[in-house]
Structure formats: C-alpha cells, structure tokens
Amino acid sequence: MKLYLSSTLSDLEAERQAVKEALSGRYGYNIVDSYEADPHPLWESCIADVQACDAYLGIVGLRYGFVPPGQSKSITELEFDAAGEAGKERYLFLKSEEARFLPKDMDSHTGENERGKRIRRLRDRLQSAAGDLPRLALFTDLADLKVAVLRALPPSSSTGAEVNAGNDSGHDRIPPPPADATELQRMLHDHLHKHWRDLSRNKAFSGASLFEELPRPLTADKIFRLAREDEVERLLVLAPEYFTGKHAASWFSATAQEGAVCSAFLRIVLVAAERHFHSAGAIDTDTDDPLLETAADRMVSLVQAAARFGFGLCLLPGMDEPANVFPLHHPVAEFGNPGEQGLPLTNAELSAAIERKLPELGKNFTSGYLRWKIRLLEKRLGTSLVAMARPEGRFAQADARCALRDHLGTFDVRLFFPREARDELNAWVHQVADDLSDTFASIFSRAAANPPRSEASPPAAGGDDAV
C-alpha cells in the first residue's frame, strides 16, 4: 500500500521518522513524501503524489506551513483536502498542546501565519470531526505517536507479488468507477487514475483549455465527471487541441509520457462520442440482431457500434485500429446442419483472429483452452474482445448472425456486423458522424514532422499507453 506522509517538515521531522519506524515492520507499506526533484511547483507535485497513493497520513503540530502564491491554504492543508476529494482513507494525528514544543516550532512565537491564527483554525477544524472529516488521534511524544499509528493502520498484506498477481502491469489499485459507467467510461476512469502522476505533471494536460473551468487542484475524478457530464460538443472540439495546439503531440510518434496524455484525451473523446450517439437518439438498442448500419468513417462506425453494444475500444498510440476488435471472416459451414463442424471451426478461426494470423486447417481447440486465451488477452488490453464480420452470404440472414453472436457470447466475446449504409442513415446519424469524423481527423492526422511508427513493430499490447 502506498501511504502518503504529510506534515510540516522542520518542526515534525522526528515524528515523521517515528511513523516510518512504526510501519517498517508491517510489510507492504510504501511511505511516500514529496521531496524529489520535479519541474512543477511544489504544491502541485504534492497534490499529484497524494492522488497517486492509496491512503493519507497527516501529522499536525503548531506550525501552519508554507502557503503557495495564489493559494489560500498551506501545502499541508491542501494535501489533506486533496486526499479527501480523491476519496482516500485519511489517518490524522494531532500533536497535543501539552507536548513539549520549541519556540521556533510554534507560529504563535515566530509570528508567522497571522501569529498562529491559521494553525489554530486548522486544528479547530480537524478536531470538530464535522462532515466527513476523519476522527483524529492525539499524541504527546514519539512513543505515543507510534502506538497510535499501529492501532490505527492495519498491517498491509499487499506485497509486491500480490499486487502484480492482481494487476499484471504492476500498478497500484485503482478505485472502482461508478456502477452505471459504460465500458468506455470505465476505461477512461482507470486510465486517469493509473497515470494521474504523469498527467497532472504535464503542463499541456493540466493547462488544457478543456479543463479551464474546473476548480483547482485538478483530480482524476473531476476530469472523469467532466467527460460524463459536460456538453458533448464542447468536449469534442476542445479535447483534440492537444494534437493541434502549440504543445501538439502526434498520436503516431508520441513518447511514453506523451502517450499517456494522448490516450487520456482520446478516451475523453470516445466517452463524449458515445454520449453524442445516445443523446442524438441515433442508437437503436431494441433490436436483437447484431447488424448495425454504420457511417462510412471507420472510427466513427466503431464508436457507433460501441455505443449500441456496450463495449470498449483499446487503441495504442501509433496504431489507428483498436487492438481488441478483430475481423472474423468465418469461411465455414452453417450452424446446426448434420455432419457440419461449424462450432469447432469457428473456435479455430477465433483463436487465429485474436492472434492476428490466418486460421490453420485441422486446428481444433477445446472451449476451455480458448476461453483462457481470451481472458488473458482481455486482461492485457483492459477491455472485452469484439469480433466483427461482414453481413454477407450466410450472414445476410438475421438468424445466422444471432447464432454466431450467441456462440461467441459463451466466450464473452462481443460481435457485430457493420454495414455501410450512408444513404439510408437518418439525419441525426449523419450529423453525429460528421462531428466525429472531424474530431478524429485532428487526432489521427499523420503530420510530416511526426512520421508514423512502423506497422511491423507496433507497441506491445496492454502496455501503459493502451487506450
């Protein structure tokens, strides 16, 4: 567990060390404080570090601490509030006024921060336990503090191996998204939390005009709510600015940190695009047939399908095809005919499709083996797998499409049949498709100064830049 340790520094150094000693025997605690070099102002990097941790531990004495220019609170109080806004567990330890203090460690003696009035207000606030404030523990000396810490914090059972077993990328636990989040929304939520430290320290990201109306400090949850609730058209126009403005980064030649930022803005666009289809009334979810009459633009048609069938889209910087969507040609016999081998051949083709290779004749996999291959790939990509097939030949008929959908559903693989039918689409779909085509064109433009990566060596699936 990553635990953020917060306090004023010069007066509480011994207390900080006491906390580290108390938790040193509880394997799994990783104590984090913000004293590494960083290009951002100290208070911004502190807030980012708080948000990247699992829990917060604060120690408060009789010094209020440094108030950054332009802020009304000290860094210590900003950290405490940021932990609350991010929904972190907060453990608070207040040094009793009956404890021994040196004059230099008391604002009331040094005359700082309104001669101690600010620290008095903060202590009164914390001791009030009002609203959702945590119940604090008082201590008078280092021994008291160690005992209070050990009583308050449970032993951490999350060793590095256990974290990796639950998340093969080795990242810290991510808070759950809202229960009603769509799969595209969940992917945005997880990406923001997983990469928040890098995102919040990127000036082009934190300074984006898309976020200018959000209250500071920025948090992953504030941006997630923006993507779910803000005006769709505003999101679609402003989110791609990162790819066209003065800090422009190309989707096809992004560095590792740029990739995390590119992916964040693209996920915001995908969430907005999904909302755009639903709000325009252009998605028919009543039919049972996996056929979908789509717009001509490929990315728009994929978002249109994702909005109707409720799946995610995993794009990797450098690639303009989702890594979790696989074409399924299905050159096999009809289901249900005596003597036909439709299901085993479909399994063989599905196995080949998810490995991006042609089916091999004579291959026949058990359903259990194929199911585990699919689960592994879903875990790496962070979303469900989706197959798509042409609605031609046998699959011109709805019953055949539904039969294939039901079979792939036993592996939790989604299926849809795209049929380009621009002349048949209603006016709402045309308008939404044109909005999205324009948005995606600015994101996926291949600028001459940023040549695309080689198609022969795409980024590893499921890496930190997965969208």
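**Helix contacts, salt bridges and a few unusual residues**

The crossing of helix H14 with helix H15 is right-handed, and that is where I would like to begin. Before I go further, please keep in mind that what you see above is a predicted model, and that every value I quote is computed from it.

Helix H14 covers residues 256-279 and helix H15 covers residues 298-309, and the two pack with their axes 9 Å apart at an angle of about 70°. Because of that angle, H14 is described as roughly perpendicular to H15, a label that applies to angles from 65 to 115 degrees. If you would like to find the contact on the screen, look on the H14 side for Leu270, Ala273, Glu274, Phe277 and His278, which meet Met299, Val300, Val303, Gln304, Ala306 and Ala307 of H15. When the residues of this contact are sorted by character, eight are nonpolar, two are polar and one is charged.

Let me set a second pair of helices beside this one. Helix H1, residues 13-24, packs with helix H7, residues 142-152, and here the axes are 9 Å apart while the angle is about 45°. How should we describe the direction of H1 relative to H7? With that angle, H1 is oblique to H7, since 45° falls outside the ranges for roughly parallel, roughly antiparallel and roughly perpendicular. The crossing of H1 and H7 is right-handed. From H1, the residues that take part are Ala14, Glu15, Ala18, Val19, Glu21, Ala22 and Leu23, and they meet Leu142, Leu145, Lys146, Val149 and Leu150 from H7. In this contact we find nine nonpolar residues, no polar ones and three charged ones.

I now turn from helix packing to charged side chains. How many salt bridges does a search of the whole structure find? The search finds 27 of them, and I will walk through three.

In one of these, Lys73 pairs with Asp81, and their closest N and O atoms are 2.6 Å apart. The surroundings of the two partners deserve a careful look: Lys73 has a relative accessibility of 29% and therefore counts as partly exposed, whereas Asp81, at 12%, counts as buried, because the limit for buried is under 20%.

Another salt bridge joins the side chains of Arg118 and Glu114, with 3.3 Å from N to O. Arg118 is partly exposed, at a relative accessible area of 23%, and Glu114 is also given as partly exposed, at 40%.

For the third, please look at helix H9, residues 183-194, where Asp190 and Arg186 sit four residues apart, so that about one helical turn separates them. Their side chains meet in a salt bridge at 3.2 Å, N to O, and Arg186 counts as partly exposed, with 24% relative accessibility. Salt bridges can also share partners, and in this model such sharing joins Lys73, Glu77, Asp81 and Arg125 into one network.

In the last part of the talk I would like to point out some individual residues. Arg135 is found in the loop between helix H6 (117-128) and strand S5 (137-139). Is Arg135 buried or exposed? Its relative accessible area is 81%, so Arg135 is exposed. You may also want to locate Phe93, which is 42 residues from Arg135 in sequence, while their C-alpha atoms are 9.2 Å apart in space.

The backbone has some details of its own. Between Arg216 and Pro217 the peptide bond is cis, with omega near 0°, and Pro217 is placed in the loop between helix H11 (203-206) and helix H12 (220-229).

Which positive value does phi take at Arg115? It is about 55°, although Arg115 is not a glycine. Arg115 belongs to helix H5, residues 112-115, and is exposed, with a relative accessible area of 62%. Asp412, a residue other than glycine, also has a positive phi, near 60°. You will find Asp412 in the loop between helix H18 (398-409) and strand S9 (414-420), where, at 53% relative accessibility, Asp412 counts as exposed, because the limit for exposed is over 50%.

To return to where we began, H14 and H15 cross in a right-handed way, and so do H1 and H7.

Methods
Residues are numbered from 1 along each chain as its sequence is written. This is a predicted model: local features need pLDDT of at least 70, side-chain atom pairs count only at pLDDT 80 or more; totals for chains, interfaces and linings use all residues. Side-chain values use heavy atoms; hydrogens and water are left out. Axes are lines fitted to C-alpha atoms, for helices over the stretch in contact, and angles run from 0 to 180 degrees between N-to-C directions. Angles under 35 degrees count as roughly parallel, over 145 as roughly antiparallel, 65 to 115 as roughly perpendicular and the rest as oblique. A crossing is left-handed if the near helix is turned anticlockwise from the far one by less than a right angle, and right-handed if clockwise. Contact means heavy atoms within 4.5 Å. Ala, Val, Leu, Ile, Met, Phe, Trp, Tyr, Cys and Pro count as nonpolar, Asp, Glu, Lys and Arg as charged, and the others, Gly among them, as polar. A salt bridge is a side-chain nitrogen of Lys or Arg within 4 Å of a carboxyl oxygen of Asp or Glu. Buried means under 20% relative accessible area, exposed over 50%, partly exposed in between (1.4 Å probe, protein chains only).
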